[in-house]
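Visitor: Please take one side chain and look closely at how it is placed, and then follow the links outward from there. I would like each cut-off stated where its term comes up.

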Amino acid sequence: MGETTLKRDLQEVGVSRILEVVRRYWGFDSLRPLQDEAIQAGLEGRDSLVVMPTGGGKSLCYQVPPLLSGRTDVVVSPLISLMHDQVAGLVGNGYPAAALHSNLSRSAQRRTLEQLRAGDCRLLFLSPERLLSPGFTTTLKGCGIGSFAIDEAHCISHWGHDFRPEYRRLSMLKKRFPEASVQAFTATATRRVRDDIVAQLGLREPRILVGDFDRPNLIYRVVPRLDLRSQVGEVLARHKRQAVIVYCITRADTERLASHLQETGYRALAYHAGMTAEERRTAQEAFSRDRIDIIVATVAFGMGIDRSDVRCVIHAAMPKSIEHYQQESGRAGRDGLEAECILFYSPADVLRWESLMQKSSSEADPAVVTATLGMLGEMRRFCAPGGCRHRKLVQYFGQDYGPEDCQACDLCLGEVEDLEDGTVTAQKILSCVARSGERFGVGHTADILLGAKNERVRTLGHDRLSTYGLLESSTRKQIINLIYQLIDQEVLARSDGEYPVLKLNPASWMVMRGERQVWLMPIKGRRVREARFERESWDGVDRTLFDELRKLRLRLAGKRNVPPYLIFSDASLRDMARRRPTTPEEFLRVHGVAERKLADLGEIFLRRIDDYSQQSG
Ligand code: ADP
């Protein structure tokens, strides 16, 4: 028997041991890509950097090694709320885990320390401040920590989008615990951040594991923004009583949209950095506990959102980089089930970002300004029609995309109509700008073209212009969208400043003289088609039973005061509603059901399924 065969055999033994505990504690039948490699690195006590997209299953990679080796490991995590829910989830699976943070009572902290000293804790969650606080190092050394897992490791890099100064101090970790290994985990894929993490943490010959960045269960759509409120309404109608995150650019935008949604009867709340810590905590908890369905937020909302059943992420406007888009949209469908990521795009967003960036660029490093503008350009290209959105995203992160057709984006599903020859429309708009003397903004120009009867138009005598009412069969919002498309294509310009006005440029005159054609995006409503993934993931599922089981889960979660996804994920409930188990053995075969869950919840769920089967015959 050759050495390779022996090695392979050992590996197989390793994999089967891993699978055995994964089945026993989590009820999963297989490992996700790279989980095996990351767990092996953890078991060997080797430094590593694990880059996996959100929902890729990073947690399991640091949860399994201490369980198999019987040692105690530490997880460094940036948010207390995140630690709290993770510990609750693990303990619910019968896994000995604990956290130490400032929100715990003294006696609770004492109990955890005792558990730790007795060697009865496999995983301890800590904040970076706590980990490096004076005196605590000695306590930890006494417990013989085997390995440190750094969650959200990109927080250490100021090239990332979530830089946290307290993470910087983690560079001391290797000096204080030279014998322990360090595993860094992140979903941020850029090379610069990756290299920075390795350097800052001082990882020694780390195993670098970079996962596949495609998320086949996400259905991407980019739709021209015409009337945001009614468009958001249409999307929400497709996601009744489901978890939805809406991202807006400014705090004011989030508040306006959240109150509009509340008035329309939705369970929605705003979330932004201008709210007090307490208000933010309440909103986040309401969302994670399923007391509200929709959170309308700025970029401030993100880390620590462990709710795995987010079925839709709406971008009310274009984010400023693909990194942001990937992080934010990536919060959808972490349970692996289908989820929609829809972005309402207007070329006005690009102008808005440019002006926000200009405002903050006075003291910024010119290299950073150029890099930021470059990222904005990439995001804009992502929004343009043509190609496949899955491919564009994956290629941006430097990976290849295999499938010809993803069957899960608006372009591949054939929802996007071809560009139309809009030369005549463009000529009408441009001559309106010329006739009114290049002195007015987008709104007023749209009013003239629409034939609006408002006072400003009348006092200025613009109702007597030959271009008055030239686009009267369109709506005001459609005309505005068309004007922005022209700006986007640079056949029309807009001045800077607080009250920007429309200006003609040499390209505008070429269009007006008929020397240049203009192609425009059609601005009518779009029909949404069902994606293949969506169809398949509902295959054989009794939807009424699924809804019933969700209700039961919500009730139990309320009683136990835990987030519903910690009781069972949507993926488990859907599998239950597909298999309709009748015995404990069958229940154990459901995705995500392990021994502890069977003992704890088997009876009540089996009874509900049985009742349902009897009622529905
Ligand atoms: P990440 O931290 O990478 O965003 P998580 O660790 O939170 O992802 O995992 C995302 C979801 O996938 C969780 O609901 C988790 O239980 C589930 N999951 C992880 N590993 C597996 C697996 N091997 N099989 C099935 N589900 C898994």
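Guide: What follows begins at one arginine and moves on to salt bridges, sheets and cores.

This is a predicted model, in which local features need pLDDT of at least 70 and side-chain atom pairs count only at pLDDT 80 or more, while totals for chains, interfaces and linings use all residues. Residues are numbered from 1 along each chain as its sequence is written, and side-chain values use heavy atoms, with hydrogens and water left out.

The arginine is Arg608, which belongs to helix 28, spanning residues 595–616; helices (H or I, at least four residues) and strands (E, at least two) are DSSP runs numbered from the N terminus. With a relative accessible area of 17%, Arg608 is buried, where buried means under 20% relative accessible area, exposed over 50%, and partly exposed in between (1.4 Å probe, protein chains only). Leaving aside residues up to four places away in sequence, Arg608 touches Glu548, Leu549, Leu552 and Gln615, contact being heavy atoms within 4.5 Å.

With Glu548 the side chain of Arg608 makes a polar contact of 2.9 Å, that is, a pair of N or O atoms within 3.5 Å, of which, within protein, one must be able to donate a hydrogen and the other to accept it, and residues adjacent in sequence count only if both atoms are side-chain atoms. The side chains of Arg608 and Glu548 also meet in a salt bridge, at 2.9 Å from N to O, the term standing for a side-chain nitrogen of Lys or Arg within 4 Å of a carboxyl oxygen of Asp or Glu. Since Arg608 lies in helix 28 and Glu548 in helix 24, the pair ties together parts that are 60 residues apart in sequence.

By this rule the count of salt bridges comes to 40. One of them joins Asp309 to Arg553, with the closest N and O atoms 3.8 Å apart. Asp309 lies in the loop between strand 11 and strand 12 and Arg553 in helix 24 (residues 543–560), so this pair ties together parts that are 244 residues apart in sequence. Asp309 and Arg553 are both buried, and both belong to a network of salt bridges whose other members include Arg241, Arg267, Asp290, Asp335 and Asp570. Another salt bridge brings the side chains of Arg578 and Asp575 together at 3.2 Å, N to O; these two residues lie in helix 26 (residues 570–579), three residues apart, or about one turn of the helix. Of this pair, Arg578 is partly exposed, with a relative accessible area of 34%, whereas Asp575 is buried, at 9%.

Strand 12 leads on to an open sheet of six strands, in the order 8-13-12-9-11-10 with parallel pairing, where two strands pair if DSSP finds at least two bridges between them. At its edges are strand 8 (218–224) and strand 10 (268–271), each pairing on one side only, and the twist averages 15 degrees from one strand to the next. Strand 9 (residues 243–247) pairs with strand 12 (residues 310–315) in the parallel sense over five bridges, and Tyr247 stands opposite His315 in strand 12. Helix 13 (residues 277–288) lies across strand 9, strand 10, strand 11 (294–297) and strand 12, running at about 140 degrees to strand 10; axes here are lines fitted to C-alpha atoms, for helices over the stretch in contact, and angles run from 0 to 180 degrees between N-to-C directions.

The largest nonpolar core has 48 residues, and those with the most contacts inside it are Phe287, Phe301 and Met318; such a core is a set of buried Ala, Val, Leu, Ile, Met, Phe, Trp, Tyr and Cys residues joined through side-chain atoms within 4.5 Å. Apart from this core lies another, of 38 residues, with Leu126, Leu140, Tyr167 and Ala180 among them.

A further open sheet has seven strands in the order 3-4-2-5-6-1-7, again with parallel pairing. Strand 3 (97–100) and strand 7 (207–210) stand at its edges with a single partner strand each, so one side of each is left without a neighbour in the sheet. On strand 3, Ala97 and Ala99 point one way and Ala98 and Leu100 the other, and all are buried. Strand 3 pairs with strand 4 in the parallel sense over four bridges, with Ala98 opposite Leu124.
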